[in-house]
Amino acid sequence: MMFRVADKKDYPVYFEKVIYEVDIDENVEINHNFLNVSAKTHGEASGVRYKISSGNIDNVFVIRNTTGALYVAKALDYEKIKKYELRLAASDNFKENYTTVLINVCDVNDNPPVFEKSSYRTQITEEDDRGLPKRVLRALATNHVDTVDQ
Ligand SMILES: [Ca+2]
Ligand SMILES: [Ca+2]
């Protein structure tokens with residue numbers, strides 16, 4: 001009994017890397033598997049379990065506790081959060097060990113150009129002050145009247 005506990009202590013679980021770093025586009029689809037971490041023991045391969053122990057703001061990421069596969073669970077937004085630093089834990093019931101995953105959210109041009117229409121209107125108004133587009137306005141008004149007459 002004592003020997004078996006001692007054996008397990010000699011073979012702690014450890015991650016393949018001390019730190020992982022990945023870049024993810026902010027428009028990545030939900031459930032995208034962006035990284036697979038792996039922890040091992042020197043001894044017999046018992047069931048290693050994985051979890052995210054900290055850094056998972058709003059639970060944006062999930063990890064499969066049996067495989068170490070990391071997924072995007074919620075939409076990312078570069079304009080709100082550009083970096084995550086996850087702390088992952090692996091345990092084999094006897095020992096626990098940690099690794100860090102740095103996630104860089106990459107900017108994508110995901111904001112529609114909503115300013116286009118209003119700037120066009122402003123331009124007409126400014127030109128109207130110089131007297132130039134009054135003809136345009138009159139033409140529009142004439143068209144409108146014609147439409148009403150028909
Ligand atoms: Ca965005
Ligand atoms: Ca963006």
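## The three-stranded sheet

In this predicted model, three strands make up an open sheet in which the order is β3-β7-β6 and the pairing is antiparallel. Its edge strands are β3, covering residues 33-36, and β6, each of which pairs on one side only. On average, neighbouring strands of this sheet are turned by 25° against each other, direction ignored.

The pairing of β3 with β7, which spans residues 69-72, rests on 3 bridges, and the two strands run antiparallel. Within this pair, N36 has A69 of β7 as its bridge partner. The strands β6 and β7 are likewise joined in the antiparallel sense by 3 bridges, and V62 has Y71 of β7 as its bridge partner. A hairpin is formed by β6 and β7, with 5 residues between them. In the turn of this hairpin, G68 has a positive phi of about 80°.

## The four-stranded sheet

A further open sheet consists of 4 strands in the order β2-β9-β8-β5, and its pairing is mixed. Because β2 and β5 stand at the edges and each has a single partner strand, one side of each is left without a neighbour in the sheet. From one strand to the next, the twist averages 30°.

Between β2 and β9 the pairing is parallel and extends over 7 bridges. D25 takes part in this arrangement, with C106 of β9 as its bridge partner.

## The nonpolar core

As a general tendency in soluble globular proteins, nonpolar side chains are buried together. In this model the largest nonpolar core has 15 residues. The residues with the most contacts inside this core are A39, V48, Y50, L86, L88 and A90. At least two residues of the core are supplied by each of β6 (61-63), β8 (83-91) and β9 (96-106).

Which residues does L86 touch, leaving aside those up to four places away in sequence? The contacts of L86 are with I52, G55, N56, F61, T100, V101 and I103.

## I52 and its surroundings

I52 lies in strand β5, which comprises residues 49-54. Because I52 has 17 C-beta neighbours inside 10 Å, this residue counts as partly exposed; the class lies between the buried limit of 20 or more and the exposed limit of 12 or fewer.

When residues up to four places away in sequence are not counted, I52 touches F61, I63, L86 and L88. I52 and A90 are 38 residues apart in sequence, and their C-alpha atoms are 9.0 Å apart in space.

## Two asparagines with positive phi

Most residues other than glycine have a negative phi. Two asparagines in loops are described here against that background.

N31 is located in the loop between β2, which covers residues 19-25, and β3. Its phi is near 75°, a positive value in a residue other than glycine. Is N31 buried or exposed? N31 counts as exposed because 9 C-beta neighbours lie inside 10 Å.

N59 belongs to the loop between β5 and β6. The phi of N59 is near 50°, which is a positive value in a residue other than glycine. With 9 C-beta neighbours inside 10 Å, N59 therefore counts as exposed.

Terms used. Residues are numbered from 1 along each chain as its sequence is written. Chains are lettered from A and ligands numbered from 1 in the order in which they are written. This is a predicted model: local features need pLDDT of at least 70, side-chain atom pairs count only at pLDDT 80 or more; totals for chains, interfaces and linings use all residues. A nonpolar core is a set of buried Ala, Val, Leu, Ile, Met, Phe, Trp, Tyr and Cys residues joined through C-beta atoms within 7 Å. Two residues are in contact if their C-beta atoms, placed from the backbone, lie within 7 Å. Two strands pair if DSSP finds at least two bridges between them. Axes are lines fitted to C-alpha atoms, for helices over the stretch in contact, and angles run from 0 to 180 degrees between N-to-C directions.
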